[in-house]
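Work through the following exercises with the structure open beside the text. Each one sets a task and is followed by a solution that goes step by step.

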Amino acid sequence: MARTLITGGLVITSAEETPADVLVEDGKVVALARHGSQNWTAERVFDASGRYVVPGGVDAHTHMEMPFGGTRASDTFATGTRAAAWGGTTTIVDFAVQTRGSSLRAGLDDWHAKADGNCAVDYAFHLIVSDVSEPVLREMPGLVGEGVTSFKLFMAYPGVFYSDDGRILRAMQRAADVGALTMVHAENGPAIDVLVEQALARGETDPRHHGEVRRALLEAEATHRAIQLARVAGAPLYVVHVSAREALAELAAARDLGLPVFGETCPQYLFLSTDNLAEPGFEGAKYVCSTPLRPAEHQAALWRGLRTDDLQVVSTDHCPFCFKGQKELGLGDFSKIPNGLPGVEHRMDLLHQAVVEGRISRRRWIELACTAPARMFGLHPRKGTIAPGSDADLVIYDPHAVQTLSAATHHMNVDYSAYEGRTVTGRVETVLSRGELLLDRGDYLGRPGHGAFLPRSACQYL
Ligand code: URP
Ligand code: ZN
Ligand code: ZN
């Protein structure tokens with residue numbers, strides 16, 4: 001593989017910002033040095049003057065081609081990881097799904113079959129446990145041994161992925177025993193279902209009612225309950241897609257007690273709101289996801305949580321459904337709109353926009369998007385940083401380029417953009433994955449099959 005040199009850029013990690021040249025050999029970063037201080041030669045040289053050199057993004061929450069809501073997420077591993085690469089994300093952690101009545105093993109095998117040979121960037125798996133039973137719990141250590149070290153339980157979606165508190169407690173106990181991290185979708189599903197039924201009976205069928213019935217208090221209540229169950233089980237906990245300030249307050253209180261409780265939010269909760277769900281006609285369906293978008297006042301609390309480290313990770317929860325034919329399944333009944341938003345391509349740019357707007361620092365941008373997810377899910381320092389020995393997953397980022405996000409130009413396999421027409425400053429220019437060039441100034445050079453499965457170690461915050 002070509003020896004590669006990136007010269008003249010500002011290297012940004014979560015720890016420091018250094019004007020440095022970066023030398024890459026055999027897919028690894030081998031050295032960094034002050035600009036021009038070494039007489040390095042290389043077959044391939046990138047001039048990153050005036051640009052940032054940052055680690056490839058790590059998106060720890062995606063759902064490629066997941067069957068859900070009577071349909072299937074519209075990005076395959078091939079299209080979704082290609083879009084990730086366009087957006088500077090070089091690692092995804094996707095959710096393999098245990099089908100009810102089947103084993104974890106079968107779910108994981110399914111996901112390997114979908115991903116193997118198709119991915120443009122490296123990938124790992126969490127496992128969604130939708131059917132907690134003794135035989136299923138007995139499978140967990142073997143899967144941890146294969147590098148699947150986190151399991152997601154749902155307090156929402158009765159009849160689909162939902163587990164009751166007893167099942168969640170058992171799974172948390174087992175996860176703690178085997179050194180795995182329990183992830184929880186924290187919404188009180190049974191209570192939400194009552195409110196859904198009542199809303200529909202009143203004739204409230206529009207997409208905005210999705211946000212109204214999935215009350216912030218029911219996210220906060222479930223978050224509180226998940227934390228207490230994790231305490232009882234002696235298990236670490238990671239709460240996914242936090243959107244309500246009341247839920248964040250529960251996480252902050254737990255962390256103030258020194259509990260091993262972690263939280264993630266997503267760009268949609270930071271940049272979009274219930275105003276989008278209330279867009280005229282059926283347009284609001286484009287923004288239906290769970291947890292739901294909240295009134296804009298919640299955003300300030302989430303940004304604060306990201307600054308104070310009460311939230312550690314920003315993932316996308318990328319789960320795209322086309323407006324035509326998929327979101328439309330919920331015409332006349334918001335509860336039938338498939339839940340999920342596209343986003344894997346735009347996380348790095350949207351978080352950089354937060355840097356531009358002074359909400360977070362450059363180093364915190366990298367920490368939230370690269371380093372913390374790598375550490376949280378046992379991939380650091382191979383992923384998430386730029387250091388001798390780490391994979392040469394590198395992004396040359398132009399902090400001054402201006403771009404307008406649009407379905408007309410994005411690469412995700414979905415017919416709308418949740419950020420249509422939004423202008424952001426900053427753009428991915430060049431992307432390397434393990435030293436291989438995936439993208440260079442608008443030319444896509446990646447290929448399905450470059451991406452490899454990453455077995456993970458345990459959470460590195462514990
Ligand atoms: O609406 C969402 N979040 N869809 C994906 C499934 C999940 O709950 O993460
Ligand atoms: Zn979820
Ligand atoms: Zn999700």
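**Exercise 1.** In this predicted model, find which residue takes a positive phi in the hairpin of E19 and E20, and then describe how E19 pairs with its partner strands.

*Solution.* Start at the hairpin of E19 and E20, where 2 residues lie between the strands and arginine 441 has a positive phi near 45°. The two strands, E19 and E20 (residues 443-444), run antiparallel and are joined by 2 bridges, and across this pairing leucine 439 faces tyrosine 444 in E20.

Next, turn to strand E18 (residues 423-433), which pairs with E19 in the antiparallel sense over 4 bridges. Here leucine 432 stands opposite leucine 437 in E19. E18 and E19 also form a hairpin with 2 residues between them, and in its turn arginine 434 has a positive phi of about 45°.

Finally, consider how far E19 is covered: of the 5 residues in this strand (residues 436-440), 4 are buried, and the strand is therefore described as mostly covered, buried meaning under 20% relative accessible area.

**Exercise 2.** Identify the protein donors of the zinc ion (ligand 2), and work out which parts of the chain lysine 152 and histidine 185 tie together.

*Solution.* The first step is to list the protein donors of the zinc ion (ligand 2), which are Lys152 through NZ, His185 through ND1 and His241 through NE2, at 2.1 to 2.3 Å from the ion. Along the sequence these donor residues follow the spacing K-x32-H-x55-H. The second step is to place two of them: lysine 152 belongs to strand E12 (residues 150-154) and histidine 185 to strand E13 (residues 181-185), so the pair ties together parts that lie 33 residues apart in sequence. As a last step, check their exposure, and you will find that lysine 152 and histidine 185 are both buried.

**Exercise 3.** Determine which residues donate to the zinc ion (ligand 3), and whether histidine 61 is buried or exposed.

*Solution.* Begin with the donors, which on the protein side are His61 (NE2), His63 (NE2) and Asp317 (OD), lying 1.9 to 2.1 Å from the zinc ion (ligand 3). The site has 4 donor atoms with angles of 87 to 135° among them, and it is classed as irregular. In sequence the donor residues are spaced H-x1-H-x253-D, and the zinc ion (ligand 3) is 4.0 Å from the zinc ion (ligand 2). Distant parts of the chain are linked here, since histidine 61 lies in strand E7 (residues 57-62) and aspartate 317 in the loop between strand E16 (313-314) and helix H12 (347-356), 256 residues apart.

For the second part, histidine 61 counts as buried because its relative accessibility is 0%. Aspartate 317 is likewise buried, with a relative accessible area of 8%.

**Exercise 4.** Find how many residues surround ligand 1, and state how much of the accessible area of ligand 1 the protein covers.

*Solution.* Counting gives 14 residues around ligand 1, of which the closest are Lys152, His185, Ser290, Asp317 and Asn339. Now examine the polar side-chain atoms that face oxygen atoms of ligand 1: one of histidine 63 lies 3.2 Å from such an oxygen, one of tyrosine 157 lies 3.4 Å from an oxygen, and one of histidine 185 lies 3.0 Å from an oxygen. To finish, the accessible area that ligand 1 has on its own is 260 Å², and the protein covers 100% of it.

Technical notes. Residues numbered from 1 in each chain as written. Chains lettered and ligands numbered in written order. Predicted model: local features only at pLDDT ≥ 70, side-chain atom pairs only at ≥ 80, totals over all residues. Heavy atoms only, no water. Donors = N, O, S within 2.8 Å, 3.2 Å for Na, K, Ca; no water. Buried < 20%, exposed > 50% of the residue type's maximum accessible area, 1.4 Å probe, protein only. Pairing = 2+ DSSP bridges. Near = heavy atom within 4 Å. Polar contact = N/O pair within 3.5 Å; in protein donor to acceptor, adjacent residues only side chain to side chain. Areas by Shrake-Rupley, 256 points an atom, 1.4 Å probe, with all protein chains shown as cover. Tetrahedral: all angles 85-135°; square planar, octahedral: opposite > 155°, others 65-115°.
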